[in-house]
Amino acid sequence: MCTQGVIQLIGKPVNEKQAAVSFNLLPGSDPGAMGCFLSIWEGTRALSTAEALQTRKIISGELFGEHLFDALSVGKKNYIIGLGIDKGKETETIVATLSLSVSAILNQSLPAVCSNISVNADNIGTDFLIAHFASPCCNQIKANKKWIALFQGEFNPDLYDGTNMIATSKAAPYQYSGSIIMKNIPKGLVRFETYTLIFGQGLDKFGNLDYTKLISSCTFIVWRSKIYIGASATSPLLAASPILLNAI
């Protein structure tokens with residue numbers, strides 16, 4: 001099991017013309033540097049802010065807040081609400097969504113999809129792990145690189161500058177959900193130690209991981225691990241006839 005941290009987006013239609021939403025970003029994040037925004041589109045797909053009916057910028061220091069979208073036709077048209085990063089850039093990406101369908105009921109919470117990362121005990125090895133992630137599908141001009149990074153200890157503000165990063169791994173372009181293998185972790189994963197895995201999107205101008213754009217975290221303890229025995233391969237999943245044994 002792991003303790004997850006996610007960017008939360010909650011909302012409900014309050015009358016036939018308005019929908020209220022609230023958001024809560026990860027502790028220590030800088031929404032200004034991330035280019036955070038809220039948008040609403042007619043239909044069922046999250047598009048660009050240029051195509052949105054309404055957009056609201058989230059400013060630096062605003063880790064949580066509320067917004068009221070108005071001039072809507074609740075119950076007559078479908079809408080999707082999104083919280084995104086990199087506003088106005090080619091890499092503009094939606095990290096959480098709410099579905100406001102024609103069947104939505106007034107003052108009842110809307111279905112949400114939030115980006116998240118997780119890892120379970122069966123996917124932890126002595127020097128590798130397999131993380132599972134999910135994020136909302138959205139239209140993108142250019143893929144915003146998705147990646148994971150591993151740190152020792154609990155989630156803390158030092159993660160935003162990459163201090164004490166242990167290992168990293170990247171997802172495939174335009175991959176919105178699935179698994180990422182992190183292998184050859186330096187010094188391995190130590191039993192009974194606490195680690196935090198973070199899920200981020202975006203690279204800086206030098207092509208390095210942009211640690212200011214963290215969208216989810218997962219803190220876990222290595223209660224047990226799998227010892228990998230088998231032919232060498234690019235990943236534990238691709239080895240020929242591997243044997244996985246529980247560590248004693």
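In what order do the three strands of the open sheet stand, and is the pairing parallel or antiparallel? The order is E10-E11-E14, and the pairing is antiparallel. The model described here is predicted.

## The three-stranded sheet

Strand E10 (116–118) and strand E14 (177–182) are the edge strands of this open sheet. Each has a single partner strand, so one side of each is left without a neighbour in the sheet. From one strand to the next, the twist averages 25°.

The pairing of E10 with strand E11 (residues 129–134) is antiparallel and runs over three bridges. Ser118 has His132 in E11 as its bridge partner. In general, the strands of a sheet pair through backbone hydrogen bonds.

## The protein overall

The secondary structure consists of one helix and 18 strands. Of the 248 residues in the protein, 45% are buried. Among contacts with a separation of 6 or more, 66% are between residues 24 or more positions apart.

The exposed area of the protein is about 12100 Å². Carbon and sulfur atoms supply 54% of that area.

## Ser29

Ser29 sits in the loop that lies between strand E3 (19–24) and helix H1 (31–34). Is Ser29 buried or exposed? Its relative accessible area is 8%, and because buried means under 20%, Ser29 counts as buried.

Leaving aside residues up to four places away in sequence, Ser29 touches Met34, Leu63 and Tyr160.

## Ile10

Ile10 belongs to strand E2 (residues 8–13). With a relative accessible area of 48%, Ile10 is partly exposed; the exposed class requires a value over 50%.

Which residues does Ile10 touch, not counting residues up to four places away in sequence? They are Ala20, Val21, Ser22 and Leu98. Leu98 is 88 residues from Ile10 along the chain, and the C-alpha atoms of the two are separated by 7.3 Å.

## A nonpolar surface patch

Phe192, Ile221 and Trp223 make a nonpolar surface patch of about 340 Å². One of these residues, Ile221, lies in strand E16 (residues 214–221). The relative accessibility of Ile221 is 30%, so this residue counts as partly exposed.

Methods: Residues are numbered from 1 along each chain as its sequence is written. This is a predicted model: local features need pLDDT of at least 70, side-chain atom pairs count only at pLDDT 80 or more; totals for chains, interfaces and linings use all residues. Side-chain values use heavy atoms; hydrogens and water are left out. Helices (H or I, at least four residues) and strands (E, at least two) are DSSP runs, numbered from the N terminus. Buried means under 20% relative accessible area, exposed over 50%, partly exposed in between (1.4 Å probe, protein chains only). Contact means heavy atoms within 4.5 Å. Patches are made of residues with over 30% relative accessible area and no salt bridge: like charges are joined within 9 Å, nonpolar side chains (Val, Leu, Ile, Met, Phe, Trp, Tyr) within 5 Å. Accessible areas come from the Shrake-Rupley method with a 1.4 Å probe; for residues, only the protein chains shown count as cover. A salt bridge is a side-chain nitrogen of Lys or Arg within 4 Å of a carboxyl oxygen of Asp or Glu. Two strands pair if DSSP finds at least two bridges between them. Axes are lines fitted to C-alpha atoms, for helices over the stretch in contact, and angles run from 0 to 180 degrees between N-to-C directions.
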